[in-house]
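Please look over the sequence and the three-dimensional structure shown here before reading on. The paragraphs that follow lead through the structure one region at a time.

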Amino acid sequence: MILIKQADVYAPNHLGKCDVLIGGDKILKIAKDLGEFQLDGVDVIDGKDQILAPGFVDSLVHVTGGGGEGGYTTRTAELDVADTITGGVTTVVGALGTDSVTQTLEALIGKTKELNQRGINAYCYTGSYHFPAKTITGSVDKDIMMIEEIIGVGEVAIADHRGSQPSVNDMARLASEARVGGMLSGKAGIVSIHVGDGDDELALLHQVSEQTNIPIQQFYPTHINRSEALFKAGINLALKGGYIDFTTSTNEQILASGEIDAPQALARALDAGVDIANITMSSDGNASLPLFDQQGNLIELQMGRVTSLHQAFVSAVKEHKVRLEDALTSITLSPANILKLNQKGRISEGLDADLVLMDEKSLAVRSTISRGKRLIAS
Ligand code: ZN
């Protein structure tokens, strides 16, 4: 058991100073004051000067490594669980990217299982950038229904020269398969969408939702802060009820080339009237951060980090004056709801004890607790 005494609790709504008792992998009790526990084996954490938040939910991480767009030497490393712990992330969703030949779904599921065994919560998507989606069992719905770790499909690439240029019919069929697989298994069945820098932006998703019975909420498009034009298209989609995800991994050169920093995009989307329930941030961790010249040749490659999610949260609060509850919601409750992870992304009695303690002033991560255990980054 763990007793966290008198932390300022954001659930992510603000509950104020509370005691939180954890037993096994669950949150047992939340109260203003639970008194002193003298029992052996109760690990008491003094929450003074700390805020207690739900563990962060990172909806897109290339857990097996990504990249490869500049040849075999440009493939990136796989996720080190220490990055999640130092970054306060207790739930990740893994995905393949451009390379679905040397990167396989079998390796992705193996890595997802490893992360679960190391104490965090990991899920993954079947498929990749590629269409038709590559699968384990032969179909997307069967993968979602039969493989525990798989909760959706993606990240399917649209508006990108690296994608398979799916048609409206292609995308509608894929989304319906994921949707039915999700319904039958009680999972999200979400279609994660990688949006590239093509001029067609989100047009394909609008066409599917307008021409078929697939709701716009079946799609979870990411990299919406890639450019001013895509950001505007994203606001338009979100005001129609769609979900938008901002990527927190970036660098100076990418920002200089027109990307909007994720915390700034979050602030601007809220100002534009988008409901926080429709906005998330994810790290795109372990993806390559490729820079292409005008001919499409790769000129530089860096790697995204899961820890950028926490950095973006801090920047949103400190530099962009986003309410702490809203900034937190975009990396906890909103992604958990979109991904139908009902035990995750919030602090409430009976739910999984996935928690992060942060310094009340600097918001630096002090402790990460996942499924009731304090994790130490080694
Ligand atoms: Zn992507």
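A residue is called buried when its relative accessible area is under 20%, exposed when it is over 50%, and partly exposed in between. Lysine 321 has 66% relative accessibility and therefore counts as exposed. The model discussed here is a predicted one. Lysine 321 belongs to the loop between helix H9 (308-318) and helix H10 (324-329), and its phi is near 55°, a positive value in a residue other than glycine. A second residue with a positive phi is alanine 159, where the angle is near 50° and the residue is likewise not glycine. Alanine 159 sits in the loop between S9 and helix H4 (168-185). Its relative accessibility is 7%, so alanine 159 counts as buried.

The strand that precedes this loop leads into a sheet. Six strands form an open sheet in the order S6-S7-S8-S9-S10-S11, and their pairing is parallel. At the edges lie strand S6 (56-61) and S11, each of which pairs on one side only. From one strand to the next, the twist averages 30°. Within this sheet, S9 and S10 are joined in the parallel sense by five bridges, and alanine 157 has histidine 194 in S10 as its bridge partner. Helix H5 (residues 203-211) packs on the sheet and touches S9, S10 and S11, with a direction that makes about 170° with that of S11. Which residues of H5 are buried? They are Leu204, Leu205, His206 and Val208. The cover over these buried residues of H5 includes S9, H4, S10, S11 and H6. Another helix, H9, lies across S6 and strand S7 (89-94) and runs at about 125° to S6.

Histidine 194 also takes part in a metal site. Which protein residues are the donors of the zinc ion? They are Glu155 through OE, His194 through ND1 and His223 through NE2, at 2.0 to 2.1 Å from the ion. Along the chain, these donors follow the spacing E-x38-H-x28-H. Histidine 194 lies in strand S10 (residues 190-195), whereas histidine 223 lies in the loop between strand S11 (219-222) and helix H6 (228-239); the pair therefore ties together parts that are 29 residues apart in sequence. Both histidine 194 and histidine 223 are buried. The remaining donor named above, glutamate 155, is located in strand S9 (residues 150-158). The peptide bond that leads from glycine 154 to glutamate 155 is cis, with omega near -10°.

A cis peptide bond is also found from alanine 11 to proline 12, where omega is near 15°. Proline 12 is placed in the loop between S1 and strand S2 (14-23). The strand before this loop, S1 (residues 2-10), pairs with S5 in the parallel sense over two bridges. In this pairing, aspartate 8 stands opposite isoleucine 51 in S5. Strand S5 is also joined to strand S16 (residues 355-359), by five bridges, and these two strands run antiparallel. Here leucine 52 stands opposite leucine 357 in S16. Is S5 enclosed or open to the surroundings, and how many of its residues are buried? Five of the five residues of strand S5 (residues 50-54) are buried, so the strand is largely enclosed by the rest of the structure.

The last step concerns two helices. Two packed helices are described by the angle between their axes and the distance between the axes. For H6 and helix H8 (residues 262-271), the packing angle is about 40° and the axes are 11 Å apart. That angle makes H6 oblique to H8. The crossing of H6 and H8 is right-handed. On the side of H6, the contact is made by Glu228, Phe231 and Ile235, and on the side of H8 by Ala265, Arg268 and Ala269. Helix H6 thus appears in several parts of this account: it packs with H8, it is included in the cover over the buried residues of H5, and it follows the loop that holds the zinc donor histidine 223.

Note on methods: Residues numbered from 1 in each chain as written. Predicted model: local features only at pLDDT ≥ 70, side-chain atom pairs only at ≥ 80, totals over all residues. Heavy atoms only, no water. Donors = N, O, S within 2.8 Å, 3.2 Å for Na, K, Ca; no water. Helix = DSSP H or I, 4+ residues; strand = E, 2+ residues; numbered from the N terminus. Buried < 20%, exposed > 50% of the residue type's maximum accessible area, 1.4 Å probe, protein only. Pairing = 2+ DSSP bridges. Axes fitted to C-alpha atoms, helices over the stretch in contact; angles between N-to-C directions. Parallel < 35°, antiparallel > 145°, perpendicular 65-115°, else oblique. Left-handed = near helix turned anticlockwise from the far one by under 90°. Contact = heavy atoms within 4.5 Å.
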